[in-house]
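Here is a walk through one protein chain, from its overall layout down to a few residues. Keep the sequence and the structure in view while reading.

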Amino acid sequence: MGRPRRKPDSLFADRGYDHDIYRDQVRARGFVPAIARRGTLPGTGLGTYRWVVERSFAWFHGFRRLRIRWKRRADIHEAFLKLACCLITHRQLGSLC
């Protein structure tokens, strides 16, 4: 079964979620909200976590079969997604060695 899952300590969100209702809901679930405030200067540190996700999406969009979904079957799309993950990981390991 593997290791038990760990809950994250905090939840990061951009300025679109800057409202006290959302902060209260996040706290009620046991997380520390790290939500950017509207009207503050950019560069609060949220982007250091977000760029990793956006970079990964950009790598996935480099594969034409994932960018434009030709197949309607979910299992075939998932297979191409897993293949893309393997290729991205192989490229990253190749650049480290």
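**From the whole chain to single residues**

The model shown here is predicted. Its secondary structure comes to 4 helices and 2 strands, and along the sequence these follow the pattern β-α-β-α-α-α. The radius of gyration of the protein chain is 18 Å, whereas the globule rule gives 13 Å for 97 residues, so the chain is more spread out than a compact globule. Taken along the principal axes, the C-alpha atoms fill a box of roughly 40 × 40 × 35 Å. Of the 97 residues, 13% count as buried. Among the contacts with a separation of 6 or more, 27% are between residues 24 or more positions apart.

The β-α-β unit is the next stop. Strand 1, helix 1 and strand 2 make up this unit, and it is right-handed. The two strands pair in the parallel sense, over 4 bridges. One residue pair to look for is Ala13 with its bridge partner Ile35 in strand 2.

Strand 2 covers residues 32–35, and its side chains alternate. Pro33 and Ile35 point to one face and are buried, while Val32 and Ala34 point to the other face and are not buried.

Ile35 also leads to Asp18, since Ile35 is one of the residues that Asp18 touches. Where does Asp18 lie? Asp18 is in the loop between strand 1 (10–13) and helix 1 (20–28). The relative accessible area of Asp18 is 18%, and the cut-off for buried is under 20%, so Asp18 counts as buried. Leaving aside residues up to four places away in sequence, Asp18 touches Arg23, Ile35, Ala36, Arg37 and Arg38. For Arg38 there is a further detail: its backbone nitrogen lies 2.8 Å from a polar atom of the Asp18 side chain.

The last stop is the cysteines. How many disulfides does the structure hold? The number is 0. A disulfide requires two cysteine sulfur atoms within 2.5 Å. For Cys85, the closest cysteine sulfur is that of Cys86, at 6.9 Å, which is too far for a bond. Seen from Cys86, the closest cysteine sulfur is in Cys85, and again the 6.9 Å is too far. As for accessibility, Cys85 is partly exposed, with a relative value of 34%, whereas Cys86 counts as exposed at 52%.

Key. Residues numbered from 1 in each chain as written. Predicted model: local features only at pLDDT ≥ 70, side-chain atom pairs only at ≥ 80, totals over all residues. Heavy atoms only, no water. Buried < 20%, exposed > 50% of the residue type's maximum accessible area, 1.4 Å probe, protein only. Polar contact = N/O pair within 3.5 Å; in protein donor to acceptor, adjacent residues only side chain to side chain. Contact = heavy atoms within 4.5 Å. Pairing = 2+ DSSP bridges. Right-handed = clockwise from strand over helix to strand, strands pointing away. Rg over C-alpha atoms; globule rule 2.2 N^0.38 Å.
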